[in-house]
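Welcome! Take a moment to look over the sequence and turn the 3D view around before reading on.

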Amino acid sequence: MGRKNIISIERGMSSHWVGDGFPVNTMLSYSTMGASISPFLLLDYAGPANFEPSNLQRGVGMHPHRGFETVTIVYSGEVEHKDNAGNAGKIGPGDVQWMTAARGILHEERHSKAFSQQGGLLEMIQLWVNLPAKDKMSPPHYQEILNAQIPVVALPDQAGSARIIAGQFGDTVGAARTFTPINLWDVHLNAGSEVQLPSPERFNTALLVLKGSVNINGSQHLHGKELALFGPTGDHVNLKADEDSILLMMNGEPINESIAGHGPFVMNTQEEINKAINDFNGGRF
Ligand code: MN
């Protein structure tokens, strides 16, 4: 089978703050890209940004989500999470929080106390993953996946390594449980190395460069804070690292269902959105 071709290169459509803790660039959004990124809904890349020491824990206060999952990957800094289902956690470099909001959750996301007091570099990703209609109203769930729990695969020819957050690479199965087939890999490539990353036929695929630069399919260079979106046809992506590089590779089976969204709620119909707003306002989360 063939290689996947690039549909578009994204450089971030909006730069804004989430609360007072997370200066983000939105790299993917269902509101403009629709089904071409399904099962993904949104990708916010926070930082890298430096924070001065402070006694204030910056972040975003209690807010709701319904109908999907939020996946937070920390590269630098430390963030805390607390929700109304009784889950609380702290994740640092290499750690991942996979939160299934499903029928509804209220949570807050902040810089940890220690990171706030020390200050330093914050760099993280938040990826929103859609749920199929049949799972949108299932119970909320929380997976805290620490760095040590994420399997690492050595790439052929000493090209580098891939941490399998979700999905499968060869025989290695990722750490996170997902509702639909998804691969999410933290890929580290050595300068000059070449690699073929598999991505199943029919799956939508996106590749984000966090550090360094790669040549894709021998034709196009992708630099830091740039994301390549690939089409469903083909079963792999060819990369050559121009320098030592850190990439986030994600792909998934499209969920072929209608999408209706409003802020932190993503459902299938406007009626379900109205219900989510009513349920939230009525204290039923
Ligand atoms: Mn949130």
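The report below goes from the whole fold to the metal site and then to some unusual backbone spots.

## The overall fold

Keep in mind that this is a predicted model. The protein has 26 strands, together with three helices. Its radius of gyration is 18 Å, close to the 19 Å that the globule rule gives for 285 residues, so the protein is as compact as a globular protein of that length. If you follow the C-alpha trace along its principal axes, it spans about 55 × 45 × 35 Å.

How do parts of the chain meet? Take the contacts between residues at least 6 apart in sequence: 72% of these join residues at least 24 apart.

## Inside and outside

Buried residues account for 55% of the 285 residues. The accessible surface comes to about 11800 Å², and carbon and sulfur atoms hold 49% of that area.

The protein also carries 20 positive and 29 negative charges, and the mean positions of these two groups are 5 Å apart.

## The manganese site

Which residues hold the manganese ion? Three histidines, H63, H65 and H107, each coordinate the ion through NE2, and E109 does so through OE, at 2.1 to 2.3 Å. Along the chain, these donors follow the spacing H-x1-H-x41-H-x1-E. H65 lies in strand β5 (residues 59–65) and E109 in strand β10 (residues 105–111), so this pair ties together parts that are 44 residues apart in sequence.

Are H65 and E109 buried or exposed? Both H65 and E109 are buried.

## Unusual backbone spots

Most peptide bonds are trans, and most residues other than glycine have a negative phi. With that in mind, here are some places to look up in the model.

A cis peptide bond joins S38 and P39, with omega about 15°. P39 sits in the loop between α1 (30–33) and β4 (40–51). Another cis peptide bond links G47 to P48, where omega is about -5°, and P48 is in strand β4.

Two residues are worth finding for their phi angles. A102 is not a glycine, yet its phi is positive, near 45°; A102 belongs to the loop between β9 (96–100) and β10. Q158, also not a glycine, has a positive phi of about 50° and lies in the loop between β13 (152–154) and β14 (160–166). Their surroundings are worth a look too: A102 counts as buried at 0% relative accessibility, whereas Q158 is exposed, with a relative accessible area of 70%.

How values were computed: Residues numbered from 1 in each chain as written. Predicted model: local features only at pLDDT ≥ 70, side-chain atom pairs only at ≥ 80, totals over all residues. Heavy atoms only, no water. Helix = DSSP H or I, 4+ residues; strand = E, 2+ residues; numbered from the N terminus. Rg over C-alpha atoms; globule rule 2.2 N^0.38 Å. Buried < 20%, exposed > 50% of the residue type's maximum accessible area, 1.4 Å probe, protein only. Contact = heavy atoms within 4.5 Å. Areas by Shrake-Rupley, 256 points an atom, 1.4 Å probe, with all protein chains shown as cover. Lys, Arg positive; Asp, Glu negative; His and termini not counted. Charge placed at Lys NZ, Arg CZ, Asp CG, Glu CD. Donors = N, O, S within 2.8 Å, 3.2 Å for Na, K, Ca; no water.
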